[in-house]
2 protein chains.
Amino acid sequence: MTTTQLNQLAHRLNQINDLSKGEVGQNRLVYSPTWIAAQQQIIQWGLDLGFQVTVDDFGTAYLDIPGKTNPEQVIATGSHIDTVKQGGRFDGLYGVLGGLEALERLLDADGKPSKTLRLISFSEEEGSRFPETFTGSKHYTGQSINLAMRDPDGISFEAARQAAVSKLDLPGVNHNLPALPVTFTELHIEQGPRLIDHHLQIGLVTSIVGQRRFTVTVKGIANHAGTTPMNDRADALQMAVDLISDLRKNARQVDPQLTFTVGEFHVSPNTSNVIPGRVDFTIDTRHEKETVLDQFEQILHQVVETPRASKITSSVNRWAKSDATQLDQAMLARNQAIADHLGFRSSQLASGAGHDSQIMAQMTRTTMIFVPSINGISHAPEENTSQADLERGVTLLTESLHQQAY
Amino acid sequence: MTTTQLNQLAHRLNQINDLSKGEVGQNRLVYSPTWIAAQQQIIQWGLDLGFQVTVDDFGTAYLDIPGKTNPEQVIATGSHIDTVKQGGRFDGLYGVLGGLEALERLLDADGKPSKTLRLISFSEEEGSRFPETFTGSKHYTGQSINLAMRDPDGISFEAARQAAVSKLDLPGVNHNLPALPVTFTELHIEQGPRLIDHHLQIGLVTSIVGQRRFTVTVKGIANHAGTTPMNDRADALQMAVDLISDLRKNARQVDPQLTFTVGEFHVSPNTSNVIPGRVDFTIDTRHEKETVLDQFEQILHQVVETPRASKITSSVNRWAKSDATQLDQAMLARNQAIADHLGFRSSQLASGAGHDSQIMAQMTRTTMIFVPSINGISHAPEENTSQADLERGVTLLTESLHQQAY
């Protein structure tokens, strides 16, 4: 690492993030003008470095350094270029620009690789404009995607996609869907506090948690807060409080690592002098083992559906599920050895957030490298990672790609 | 009781309620066209019966049968003519028309009373158009009222009041503020389920509960539902659940009759995959003893303000308070004797809702008579009381007024 190299990564991060200048946080929603300008810039950097650049129908950009002896074997790295609304400076973008930095350093230091090195700048992962996530990696891996989606302004996915992708066909760019790589390594910020809290520098991701989301509906009887005696109430809110209290205890008993979040809570009629007649609340649970999620889901049904009061009914509905994904153990072990060799304080951990890697892992050997998030904050303008930690991630990625491709 | 008499009360109830025909429930908001038409009709019935009718500056109507020997001693009954939005057919109106029925029966059967008999049709009690309750009885008893109020459409209280009251000065009506009565008896529906649940026919009201409303604010830290470990959260909603659970237990321990209602609950950001950073919830507590309310309020501060987690703070703010009102014990005892004599199944109970009687009781000896509410429902179009129960209330009131005024 030299100061010049570090500055180049910081400079490129600034250049892309400056496209949202004057706004609150980053707003590179897929196929927006800011997104188009960002992806064009990534492509231009690839072209300037002499990489072979391909764009697919969804606007994902592939920047290749073709291999000398085994060009059909592709060693890939990358992440997504889009952000949530009012997002941070590193989520996704760090994996794209850190990967570009790694490829450039390898080309500079070691010349052409034996296998092909590929940087992927996925079009979309966050699901923050259209109601589907991971459309970039899903398209690359051949998963079906609902194309009949519209954004909140009523613009169709197809119209937005075609208009945006047509602007990426710069001179020298191939339009194509490349073959899948043999390995995929994603560099990303942790988005949580575990590394920073334990003064660690690198996280090696064992798995991406499975996730299930539910809505619990409690129906009682709305009534006068003054004239209805306490023992004659069918108070939906008090029942919801009991259910949440019990479910939280059960979640802890099933596994302390199981996350349990009641994020939404809606009361009807929501008036101070009326006993609530109905409450709907959401539960978000995540764990790296499907068996743990299965066990909790069974208890959830039991707890919610067991009658507790004669005039109150409760029900539960699961409306989202994504399976836990185990990442490649051999790739992780190699990255662990590199981290140890470089003297980086590291830990192996599961990712609580979803990533393109969980899609890629279904088709190819996949691993992830995390760097610490200051205060564990992400999806917010305050999202931050120290320069030294950003550099450690790139250093580890560079060595990992070198071992695989040369 | 004759069928003709019962029919007259039912007929008058229909006639006033038909003014809101085609709407959802009753909408006699103070000084509205429907309210004006209703109060004009009450006045007209009084004039037709030869009563001496007075209207005050706030639009309360006083229908008097002057006493033969002690006309300066006034025995009053009545209630309010206004309703909440989408209200029921009996709340307030039953006390006005039931009182008119009683006075008419007494005049028919016994001729002129010794003392003056007065029916009061209070202008307003519900606080459903302007942000103040009991303005009718407050004006009559000389309490100060904030006149600088506006309704949700921006119409000032003063403009609405003056325009409406000018329409009540029918020929034969005096405009004046009459002297206060020596007793006041209010006939009203219970608005709760205690009478109907216990197969009772009459409720004799010992007191009107004191009421206090609070908002509890819990501030934690909003964060990612997937990447923030369970032991590293500052989850405002989970803390709110614990507080509500503890406070409910405490309320029950202080007194099982203390009502405890969390009616409003607001979460921020209220998104399924974000740990809530802030929760605000309301508490409505009522009891007939101020000492019980004081005791709970002290515990409330203690429970909310005792720190439970390093990164979460909670605070409590009281924003409404009305004192408990003891009604006249001698008047209640006399009504109890009459109810027993008539063979009505009755109970003495505290009122959980506010009434004009709590204002009148500050200036004159006051009692209330309740009749059962079917299913305990009020402030809704479903509000209902059987014909037989309506008649029992009027019969008891008539005998009570007879004993006082003749």
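**Reading the contacts between chains and domains**

Q: How many residue pairs in polar contact does the rule find across the interface of chain A and chain B?
A: A polar contact is a pair of N or O atoms within 3.5 Å; within protein, one must be able to donate a hydrogen and the other to accept it, and residues adjacent in sequence count only if both atoms are side-chain atoms. Between chain A and chain B there are 18 such residue pairs, both residues at pLDDT 80 or more.

Q: What kind of model is this?
A: It is a predicted model: local features need pLDDT of at least 70, side-chain atom pairs count only at pLDDT 80 or more, and totals for chains, interfaces and linings use all residues. Residues are numbered from 1 along each chain as its sequence is written, chains are lettered from A and ligands numbered from 1 in the order written, and side-chain values use heavy atoms, leaving out hydrogens and water.

Q: How many salt bridges join chain A and chain B?
A: A salt bridge is a side-chain nitrogen of Lys or Arg within 4 Å of a carboxyl oxygen of Asp or Glu. The rule finds two across this interface. In a salt bridge between Arg248(A) and Asp242(B), the N to O distance is 2.6 Å.

Q: How much area do chain A and chain B bury between them?
A: The size of an interface is often given as the accessible area lost when the parts come together. Here the area is summed over both parts, with a 1.4 Å probe. Chain A and chain B bury about 4,000 Å², with 51% of it on carbon and sulfur atoms. Each chain brings 50 residues to the contact (heavy atoms within 4.5 Å).

Q: How are the two chains related?
A: Two copies of a chain are related by a rotation about an axis and a shift along it. A turn of 180° and a shift of 0.2 Å along the axis lay chain A on chain B with an RMSD of 0.2 Å, superposed by least squares on C-alpha atoms of residues with pLDDT of at least 70 in both. The two copies are therefore related as by a two-fold rotation axis. Val241(A) has the C-alpha nearest the axis in chain A, at 2.8 Å.

Q: Where do the domains of chain A lie in the sequence?
A: By an automatic or database assignment, domain 1 takes 3–208 + 325–405 and domain 2 takes 210–322. Their C-alpha centres are 38 Å apart. Between them, the two domains of chain A bury about 370 Å², 27% of it on carbon and sulfur atoms.
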